[in-house]
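Visitor: I'd like a close look at the salt bridges, please. Take me through them slowly, and then through the backbone and packing around them.

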Amino acid sequence: MNLSAPRDDELSLLELADRLLNRGVVLTGEATISVAGVDLIYLGLNVVLTAIENLQPKSAPAPRDHHA
Amino acid sequence: VRLLHAITTPDARPATDLHGLRGLPLERVEVDVPGLVVWATNVPLEKERLGRADLLDHHRVISALHAQVAACLPARFPTELAEDALRQKRAELADALERVRGRAELAVTAVWTMPVEDEPAAEVEGATAGTRYLLQRRMVLVGSNSRRGRAREISDEVERLVGGQLADSRRQICPSREVAVSLALLVPRTDAEAVKMSLRRAAPDVRILVNGPWPPYTFAAFGRGT
């Protein structure tokens, strides 16, 4: 993961991914998607996209925590 | 699994057909909650998992919907439709819908043009290697404090430039070494492109990226800094 020189298109996608994954209406408690308690947005695009590859909604209406 | 994309008021009637996730039908669900209608895709997920394409498709669905209705609350991805929760949060959702009605979100990212490690370190004649190391560390910390102050100035300047068009804002100061500030601005949809153009300006120490207009993701959540 290279964070030293993020390109503009990477930053744009990060900003969007942060909004899609961390903001918006939450119905079933505080659904948080985090890596060791750190917001995903600035961990890098690969981590974000790798993390969401592993997402699977749970059928029970309970808070969800996803850790990569 | 019925994946929720957005919540609107019952008068929302898109003029054109919209597709849901993975090309599946976008469902307009008349929930038993006064004043609210939800938009969802029924996705069979027994074997498949959600992936990056679904994340971006979720954005596509919400954007298409947002473009055709006045008030649209995006849902966090992934959110499963739960009518009980909708019922419990009806008042908050109705308030949030009014807050975002006719408005869109702009994302402003100010990126440092000089890495912190390139900032000049203090030089002390006769300093040992250990002292130089500690001085360097101190400079990094002082630089960090100075950068936080500068990031706040940049945020204030951006908000000042938007002026009366700014309905609401959220800011993250120095969220990473590279980024000075990440701002979310809620502005009238009709003025969003003009505001975006007005923010494209150079600064000596940062470059400013403006993305959007997007559906009001940041301002759909309630109870956080409102």
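Guide: Happy to. Over all chains, the structure holds 19 salt bridges, a salt bridge being a side-chain nitrogen of Lys or Arg within 4 Å of a carboxyl oxygen of Asp or Glu. Some ground rules before the details: this is a predicted model, where local features need pLDDT of at least 70 and side-chain atom pairs count only at pLDDT 80 or more, while totals for chains, interfaces and linings use all residues, and side-chain values rest on heavy atoms, with hydrogens and water left out. Residues are numbered from 1 along each chain as its sequence is written, with chains lettered from A and ligands numbered from 1 in the order in which they are written.

Let's begin in chain A. A:E10 pairs with A:R7 in a salt bridge whose closest N and O atoms are 3.7 Å apart. For burial, the scale is relative accessible area with a 1.4 Å probe and protein chains only: under 20% is buried, over 50% exposed, and anything in between partly exposed. By that scale A:E10 is partly exposed at 24%, and A:R7 is partly exposed too, at 47%.

Now over to chain B. B:R101 forms a salt bridge with B:E98, and there the closest N and O atoms sit 3.1 Å apart. B:R101 is partly exposed at 31%, as is B:E98 at 46%.

Then there's the pair B:E159 and B:R171, whose side chains meet in a salt bridge at 3.3 Å, N to O. B:E159 belongs to helix α4 (residues 129-162) of chain B and B:R171 to strand β6 of chain B, so this pair ties together parts that are 12 residues apart in sequence. Helices (H or I, at least four residues) and strands (E, at least two) are DSSP runs here, numbered from the N terminus. At 19% relative accessibility B:E159 counts as buried, whereas B:R171, at 33%, is partly exposed. Back in chain A, salt bridges that share partners link A:R7, A:D9 and A:E10 into one network.

So much for the bridges; here is the chain behind two of them. Chain B has 5 helices and 8 strands, and along the sequence they run β-β-β-α-β-α-α-β-α-β-β-α-β. Of its 226 residues, 48% count as buried. Take contacts (heavy atoms within 4.5 Å) with a separation of 6 or more in chain B: 74% of them come from residues 24 or more positions apart. About 11000 Å² of chain B is exposed, with carbon and sulfur atoms supplying 51% of it; that area is a Shrake-Rupley value with a 1.4 Å probe, and for residues only the protein chains shown count as cover.

A nice example of long-range contact is B:V43, in the loop between β3 (37-42) and α1 of chain B. Its relative accessible area is 0%, so B:V43 is buried. The C-alpha atoms of B:V43 and B:R2 are 6.1 Å apart, though 41 residues separate the two along the chain. Leaving out residues up to four places away in sequence, B:V43 touches B:V1, B:L3, B:L21, B:R22 and B:L24.

That brings us to backbone oddities. Most residues other than glycine have a negative phi, and most peptide bonds are trans. B:R22 is not a glycine, yet its phi is positive, about 55°; B:R22 sits in the loop between β1 (2-8) and β2 (27-29) of chain B and is partly exposed at 31%. B:C174, also not a glycine, has a positive phi of about 45°, in the loop between β6 (168-173) and β7 (179-188) of chain B. As for cis peptide bonds, one joins B:F77 and B:P78, with omega about -5°, and B:P78 lies in the loop between β4 (72-74) and α2 (83-88) of chain B. Another joins B:G212 and B:P213, at an omega of about 0°, with B:P213 in strand β8 (residues 206-214) of chain B.

Last, a look at where the chains meet. Helix α1 (residues 8-22) of chain A packs against helix α1 (residues 52-66) of chain B at about 80°, the axes 11 Å apart. That makes α1(A) roughly perpendicular to α1(B). A:L13, A:L16, A:A17, A:L20 and A:L21 come up against B:L55, B:L56, B:H58 and B:H59. The residues of this contact divide into 7 nonpolar, 2 polar and no charged.

Terms used
Axes are lines fitted to C-alpha atoms, for helices over the stretch in contact, and angles run from 0 to 180 degrees between N-to-C directions. Angles under 35 degrees count as roughly parallel, over 145 as roughly antiparallel, 65 to 115 as roughly perpendicular and the rest as oblique. Ala, Val, Leu, Ile, Met, Phe, Trp, Tyr, Cys and Pro count as nonpolar, Asp, Glu, Lys and Arg as charged, and the others, Gly among them, as polar.
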